[in-house]
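Welcome! Please take a look at the sequence and the structure below, and keep a pencil at hand.

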Amino acid sequence: MKAVVIKPDIYWVGVIDWAVRDFHGYTIPNGTTYNNYLVMDEKITLFDTVKYDFSGITIKHIREITDPAKIENIVINHIENDHVTSLDRIMSLTPDATIYITEKGRKGLERFFDLSKWKIKTVKTGDTLNIGKRNLLFIETPMIHWPDSMMTYIKEDRILISQDGFGQHYASASRFDDEFIECASVHELEDAVIDYYANILMPFGSLIKTKIAEIQKLGLDIEIIAPDHGIIWRKDPGKVIKMYLDMADGITDLRVVMIYDTMWQSTEMMTQPIMRGIKDEGVDCRIIKLRATPNSVAIKEFWNSRGVLIGTPTLNNKMFPTVAEFLHHLAGLRPKSRIAGAFGSYGWGGGAVKEVYETLKAMKLEIFEPGVEALYRPSPDDEEKCYEFGKAFAGKVKEYHNQFKR
Ligand code: FEO
């Protein structure tokens with residue numbers, strides 16, 4: 001890959017990480033990119049750096065355009081490791097450059113590097129910087145998705161460099177949304193946006209709405225959104241903004257996902273009559289077995305469904321460990337606007353389904369109970385109960401879903 005022109009004198013100089021699958025514990029089946037951008041103006045300005053392992057590649061891309069020693073400004077929009085850990089290598093090539101960063105970003109950055117040798121200017125929302133023919137506007141976006149985060153708007157080119165916001169973990173030979181012209185690949189790109197939002201931004205829905213409203217109030221004319229991961233939005237940046245607003249408003253599909261694990265297939269056997277009940281009520285249904293699926297994929301399927309049923313066998317009077325791990329992960333994402341129930345099997349005393357309900361209630365999800373349980377092996381009677389449980393749950397999901405319709 002070479003540097004890519006975004007607009008005259010504005011280049012993508014990032015890297016594509018085709019191989020990464022484990023991103024701080026979040027499974028990313030499609031790899032990712034670390035995007036950074038170089039603007040060739042009177043004062044050459046670099047926006048963000050990349051993960052340390054790839055510093056040689058971004059430097060190579062910069063050298064295709066200019067000598068890195070000529071970079072005068074470096075804007076750091078976000079200090080997470082995947083965006084700043086090659087900053088010291090870049091600074092070693094251009095030690096007199098000035099770094100522009102938020103105050104919280106500066107405080108975080110000093111945990112990574114000795115800042116005493118670098119020129120640092122802290123910026124806040126509304127601050128501007130002239131780099132020649134262009135003017136930059138800084139917009140703080142705290143908690144989207146770290147306290148330090150900000151976005152930078154290049155006024156004359158109408159480009160919003162949005163750090164993690166509007167990004168996707170998606171390695172591709174394409175750099176722009178307009179290169180996704182077939183239905184299947186467009187769907188893949190949308191799926192990557194949802195996956196990123198569900199696994200990283202889910203807790204920040206109301207902040208996202210507020211911040212998008214603030215940006216809209218600033219009256220910025222946004223022609224291009226250039227995030228720090230994945231595809232650049234130049235065909236229709238409004239599309240990803242609308243997707244974010246919809247997700248923040250709890251818009252999702254009328255669908256149930258069953259997320260379960262099993263010891264001796266009894267809980268697994270329960271999924272089938274429950275699924276038939278759900279389908280007979282006219283609601284789509286997906287089934288995810290946790291030991292066969294990364295948590296992050298299960299999280300995305302949770303996010304894509306209005307209703308969730310958690311299935312678990314009882315082990316030592318508690319829910320199965322993989323189910324506990326998944327619910328722990330989900331609770332941290334502070335989910336909203338979903339209705340949940342539980343089912344499971346047990347041998348001696350039971351206890352897992354009760355524990356799942358306690359966990360779901362602590363998350364303040366809408367709750368459907370009682371759950372359904374089977375002793376040892378689901379009998380024909382149990383299967384009938386499962387079917388009715390699925391049907392009744394799907395009915396409630398439809399009712400609950402209606403309040404989120406636009
Ligand atoms: Fe892509 Fe929050 O780092």
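Here are some exercises on this predicted model, each with a worked solution.

**Exercise 1. A helix and its two sides**

Task: Work out which residues of helix α6 are buried, and find where they sit around the axis.

Solution:
- Step 1. Begin with the helix itself: α6 covers residues 205-217, so count 13 residues with a span of 18 Å from first C-alpha to last, close to the 18 Å expected at 1.5 Å a residue.
- Step 2. Pick out the buried residues of α6, namely G205, I208, K211, I212 and I215.
- Step 3. These residues cover an arc of only 125 degrees around the axis, so they lie on the same side of α6.
- Step 4. Turn to the other side of α6, where S206 and K217 are exposed.
- Step 5. Look at what comes after α6: G219 follows, and its phi is positive, near 70 degrees.

**Exercise 2. Rings that meet**

Task: Describe how the rings of Y34 and F54 are arranged, and say why this pair ties together separate parts of the sequence.

Solution:
- Step 1. Start with the count, which is eleven aromatic pairs.
- Step 2. One of them is Y34 with F54, with 5.6 Å between the centres and 40 degrees between the planes. Planes under 30 degrees apart would be stacked and planes over 60 edge-to-face, so this pair is tilted.
- Step 3. Y34 belongs to strand β6 (residues 32-34), whereas F54 is in the loop between β8 (45-47) and α1 (55-65), so the pair ties together parts that are 20 residues apart in sequence.
- Step 4. Buried means under 20% relative accessible area. Y34, at 0%, is therefore buried, and F54, at 15%, counts as buried too.
- Step 5. Try another tilted pair, F112 and F113, with 6.1 Å centre to centre and 35 degrees between the planes. Here F112 is partly exposed at 31%, while F113 is buried at 12%.
- Step 6. Find the cluster in which ring pairs link F166, Y197, Y244 and W303.

**Exercise 3. Charges over rings**

Task: Which ring does the charged end of R175 sit over, and which ring face does R234 lie over?

Solution:
- Step 1. Follow R175 to its charged end, which sits over the ring of W12 at 4.7 Å from the centre.
- Step 2. Then find R234, which lies over the face of F176, 3.6 Å from the ring centre.

**Exercise 4. Reading two sheets**

Task: Which strands stand at the edges of the seven-stranded sheet, and which at the edges of the five-stranded one?

Solution:
- Step 1. Write down the order of the seven strands, β1-β2-β7-β8-β9-β10-β11, in an open sheet with mixed pairing.
- Step 2. β1 (4-7) and β11 (119-122) each have a single partner strand, so one side of each is left without a neighbour in the sheet. The twist in this sheet averages 25 degrees from one strand to the next.
- Step 3. Check the partner at each edge. β10 (residues 98-101) and β11 run parallel and are joined by four bridges, and I101 has T122 as its bridge partner in β11. β1 and β2 (residues 10-12) run antiparallel with three bridges, and K7 stands opposite I10 in β2.
- Step 4. Now take the five strands, an open sheet in the order β12-β13-β14-β15-β16 with mixed pairing. β12 (128-130) and β16 (224-226) stand at its edges, because each has a single partner strand. The twist here averages 20 degrees from one strand to the next.
- Step 5. Inside this sheet, three bridges join the antiparallel strands β14 (residues 150-154) and β15 (residues 159-161), with T152 opposite I161 in β15.

**Exercise 5. Unusual backbone angles**

Task: Where do D9 and Y376 lie, and which peptide bonds are cis?

Solution:
- Step 1. Recall the background: most residues other than glycine have a negative phi, and most peptide bonds are trans.
- Step 2. D9 has a positive phi near 70 degrees and lies in the loop between β1 and β2. These two strands form a hairpin with two residues between them. D9 is partly exposed, at 33%.
- Step 3. Y376 also has a positive phi, about 55 degrees, and is placed in the loop between β23 and α12 (380-402). Y376 is exposed, with a relative accessible area of 53%.
- Step 4. Among the cis bonds is the one from I144 to H145, with omega near 5 degrees; H145 lies in the loop between β13 (135-140) and β14.
- Step 5. The bond from E369 to P370 is cis as well, with omega near 10 degrees, and P370 is in the loop between β22 (366-367) and β23 (372-375).

Technical notes:
Residues numbered from 1 in each chain as written. Predicted model: local features only at pLDDT ≥ 70, side-chain atom pairs only at ≥ 80, totals over all residues. Heavy atoms only, no water. Buried < 20%, exposed > 50% of the residue type's maximum accessible area, 1.4 Å probe, protein only. Arc of directions from axis to C-beta. Phe/Tyr/Trp six-rings, centres within 6.5 Å; stacked < 30°, edge-to-face > 60°. Lys NZ or Arg CZ within 6 Å of the ring centre and 35° of its normal. Pairing = 2+ DSSP bridges. Axes fitted to C-alpha atoms, helices over the stretch in contact; angles between N-to-C directions.
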